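This note is offered to a colleague who has not yet seen the structure. Please look over the sequence and the model before reading the points below.

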Amino acid sequence: MEPDVRDPSASPWRTADFRVLFSATALSQLGTNIGYVAVPIVAVTALDARPGQVGALATLSMAAFLLIGLPAGAWVDRMRHRRVLITADLVRGSLYATVPLAWWLDRLTLGQLYAVVLLNGCATVFFDVGSQSVLPQLVGREGLVRANAAMVTLMAAGNIAGRGAGGGLMALLTAPVALVCTAVSYLASAARLTAVRGGDASPKPVPRGARPHLGAQIAEGLRHVLGNKELRALALTASLGNLGSQIVNTMLPVLFVGELGFSPVALGLFWAAGGVGLLLGARCARTVAARVGYGRTLGLAGLCLAPAGLLVPLVDRGPWLYVAGAGWLLALFKTGMDNVLGVSLRQRMTSDALLGRMNATFRFLLSGALAVGAAVSGLVGEVASVRGALWTGGVIMAMAFLPVFFSPVRTRRELPGHGVPVASGTEPSAEPGLPASGR
């Protein structure tokens, strides 16, 4: 008999649906990370893209979160989550399959790459929001820390394997052909998700004329996140971290391949070093938090590790490559801890009815920061220099921890129980079951 997933002692791995979601996400992450390396390399090597064009490509890949990120949360709350995930993967796989086909026919253009990454971003909005919203249904709220730790570990492993494999595939097969692997990974993920049995129940029926207006639902999600001191601090810190890292990441292909003459393999391995940091941070998060406290872990990790971002702009030939790689690993170690503890905290602070909108609000802010970071990186790289863009991103990464460090999050020892008041400064909501204000 299936164990009670809401039993705090039950491992999420004992839940069949979680195992299916995990394996499907592994396939999806593999494709995402190969594409992350391959797309800008295609632009630089096959289409002679300038820094500003590479920045535009990265901006468009994240623009969907700004365009549809907030309404997507309300839409996902009205949909069957499993179907959302399957459809998103099918769309992403089909889009990436067009790139090697166009390259083979000698019809590949920057315009097509722009369209592919923009539409892929739209599908990713729905996949990310749906995935984070379905997880509490599959493992129960008491299992969220373990489940999120597993998911962040998977993301880190994907960074290591996917980006390392991406560099190797490009060296072996060329970048456009490597994108065939991205398409196949997404399609395989969609097929795997058909085995999920939970998370596909029909949304609770609402009497005709009683459904809240879409704008009102979006506003309620925004109030829940921005009206709560702890959630607001988590959102600001994560957004600043994304802004800084994206400024750095956008220019790394230009610096590695275009200016320093490194191979795509070297770029993939550098990014994989960050994946190692992400993996270690995710694996350590729960253990450290149990000893030190959840909030104190988030605060101290930022204070001690965020300044490592200042080492990344030192990347160059010789020993500086390893110094910068160490800085990238340490900065991503902090991100791994933040992802496990921060995501678990915000999920425990949110009622089931608001999960989609809360996740969409965070994705809007965090991925919006990625879009802005890509645009800023392309602009600074074009007007000033590639190295100047790296320093801009490194400084922002080093300071990103400050909102959480100076917020009530830093004093929190435990995750809140579902339905327990979570923080002062929270606006009451009309949504049944939402944690009340005041602590």
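The points below go from the whole chain to its helices, its cores and a few single residues.

1. Basis of the note. The model is predicted, so local features need pLDDT of at least 70 and side-chain atom pairs count only at pLDDT 80 or more, while totals for chains, interfaces and linings use all residues. Residues are numbered from 1 along each chain as its sequence is written, and side-chain values use heavy atoms, with hydrogens and water left out.

2. Overall make-up. The chain has 14 helices and zero strands; helices and strands are DSSP runs, H or I of at least four residues and E of at least two, numbered from the N terminus. Of the 439 residues in the chain, 57% are buried, where buried means under 20% relative accessible area, exposed over 50% and partly exposed in between, with a 1.4 Å probe and protein chains only. The exposed surface is about 17,400 Å², and carbon and sulfur atoms supply 65% of it; accessible areas come from the Shrake-Rupley method with a 1.4 Å probe, and for residues only the protein chains shown count as cover.

3. Contacts along the sequence. Among contacts between residues at least 6 apart in sequence, 86% join residues at least 24 apart. Contact here means heavy atoms within 4.5 Å.

4. Helix α2. The 27 residues of α2 (residues 51-77) should span 39 Å at 1.5 Å a residue, and the end C-alpha atoms are 39 Å apart, which agrees; the expected span is 1.5 Å times one less than the number of residues. The helix nevertheless bends by about 65° at I68, with a proline, P71, following within four residues. The bend is the angle between axes fitted to the seven residues ending at a residue and the seven starting there. Because 19 of its 27 residues are buried, α2 is largely enclosed by the rest of the structure.

5. Helix α8. With 31 residues, α8 reaches 44 Å from its first C-alpha to its last, close to the 45 Å expected at 1.5 Å a residue. A bend of about 35° occurs at M251, and P253, a proline, follows within four residues. The helix is mostly covered, 22 of its 31 residues being buried. After α8 comes G261, whose phi is positive, near 75°.

6. Nonpolar cores. A nonpolar core is a set of buried Ala, Val, Leu, Ile, Met, Phe, Trp, Tyr and Cys residues joined through side-chain atoms within 4.5 Å. In the largest, of 55 residues, L113, L252, F256, F270, V315 and W328 touch the most other members. Helix α8 (residues 229-259) gives the largest share of this core, nine residues. Another core, of 28 residues, lies apart from it and includes Y294, A301, L305 and L341.

7. L57 in its setting. L57 is placed in helix α2 and counts as buried, at 3% relative accessibility. Leaving aside neighbours within four places in sequence, L57 is in contact with V39, P40, A43, L113, Y114 and V117. L57 and L118 are 61 residues apart in sequence, yet 8.5 Å apart in space, C-alpha to C-alpha.

8. Two loop residues. Which phi value does D48, a residue other than glycine, have? Its phi is positive, near 55°. D48 lies in the loop between α1 (16-46) and α2 and is exposed, with a relative accessible area of 60%. D106, in the loop between α3 (81-104) and α4 (110-139), has a positive phi near 60° and is exposed at 65% relative accessible area.
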